[in-house]
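Q: I would like to learn how to read contacts and strand pairing from a set of coordinates. Where should I begin?

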Amino acid sequence: MGIRCEHIDISLEKKSEFSFALPIYAIVNEAESSVITFELENTFLHARTSDTSVINNVHTSDTVWLDFDKEQ
């Protein structure tokens with residue numbers, strides 16, 4: 001069992017008490033979405049978003065808020 005990258009919500013502001021902040025390691029723009037990579041201690045975390053308010057306003061090293069979709 002794992003977490004799909006589409007089930008991670010990325011936002012510019014903290015959305016819940018469970019949200020946590022991480023700096024962006026890399027951004028890969030695709031046709032209809034972007035994959036944002038975060039470096040953790042011994043691994044990487046990938047999140048996919050099509051939210052243009054995030055995609056158009058972040059760059060590598062920026063810190064964003066992440067939250068897991070609790071319904072998935």
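A: Begin with a cut-off: a salt bridge is a side-chain nitrogen of Lys or Arg within 4 Å of a carboxyl oxygen of Asp or Glu. In this predicted model, the side chains of R48 and E30 satisfy that criterion, with N to O at 2.4 Å.

Q: Which parts of the chain does the pair R48 and E30 tie together?
A: R48 belongs to strand β5 (residues 44-49), while E30 sits in the loop between β3 (26-29) and β4 (34-39), so the contact links parts 18 residues apart in sequence. R48 is partly exposed at 26% relative accessibility, and E30 is partly exposed at 39%.

Q: Which residues are joined with R48 and E30 into one network?
A: Salt bridges can share partners, and here R4, E6, E30 and R48 are joined in that way. One of the contacts is E6 with R4, where the closest N and O atoms are 3.4 Å apart. R4 is exposed, with a relative accessible area of 51%, whereas E6 is partly exposed at 37%.

Q: How many salt bridges does the structure hold?
A: The count is 4. Among them is K15 with D9, with the closest N and O atoms 3.2 Å apart. K15 is exposed, at 54% relative accessible area, and D9 is partly exposed, at 31%.

Q: How should aromatic contacts be read, and how many pairs are found in the whole structure?
A: Two values describe such a contact: the distance between ring centres and the angle between ring planes, where planes under 30 degrees apart count as stacked, over 60 as edge-to-face and the rest as tilted. A search of the whole structure gives 2 aromatic pairs. F20 and F68 form a tilted pair, 5.7 Å centre to centre with 35° between the planes. F20 lies in strand β2 and F68 in strand β6, so this pair connects parts 48 residues apart in sequence. F20 is partly exposed at 27% relative accessibility, and F68 is partly exposed at 32%.

Q: What are the distance and angle for Y25 and F44?
A: Y25 and F44 are 5.1 Å apart centre to centre, with 50° between the planes, which makes this pair tilted. Y25 is in the loop between β2 and β3 and F44 is in strand β5, so the contact ties together parts 19 residues apart in sequence. Both rings belong to partly exposed residues: Y25 has a relative accessible area of 45% and F44 has 39%.

Q: What order do the strands of the open sheet have?
A: Strand order is read across a sheet, following the pairing. The open sheet of 3 strands runs β1-β6-β2, with antiparallel pairing. β1 (8-11) and β2 (20-23) are at the edges with a single partner strand each, so one side of each has no neighbour in the sheet. On average, neighbouring strands of this sheet are turned by 40° against each other, direction ignored. Between β2 and β6 (residues 63-68) there are 4 bridges, and P23 has T63 as its bridge partner in β6.

Q: How many bridges pair β4 and β5?
A: Over 6 bridges, β4 and β5 pair in the antiparallel sense. A hairpin of 4 residues connects β4 to β5, and F38 stands opposite L45 in β5.

Q: Which residues of β5 form the covered face and which the uncovered one?
A: The covered face of β5 consists of L45, A47 and T49, and the uncovered face of F44, H46 and R48. Two residues of that uncovered face have appeared already: F44 in the pair with Y25, and R48 in the salt bridge with E30.

Terms used
Residues numbered from 1 in each chain as written. Predicted model: local features only at pLDDT ≥ 70, side-chain atom pairs only at ≥ 80, totals over all residues. Heavy atoms only, no water. Pairing = 2+ DSSP bridges. Axes fitted to C-alpha atoms, helices over the stretch in contact; angles between N-to-C directions. Buried < 20%, exposed > 50% of the residue type's maximum accessible area, 1.4 Å probe, protein only. Phe/Tyr/Trp six-rings, centres within 6.5 Å; stacked < 30°, edge-to-face > 60°.
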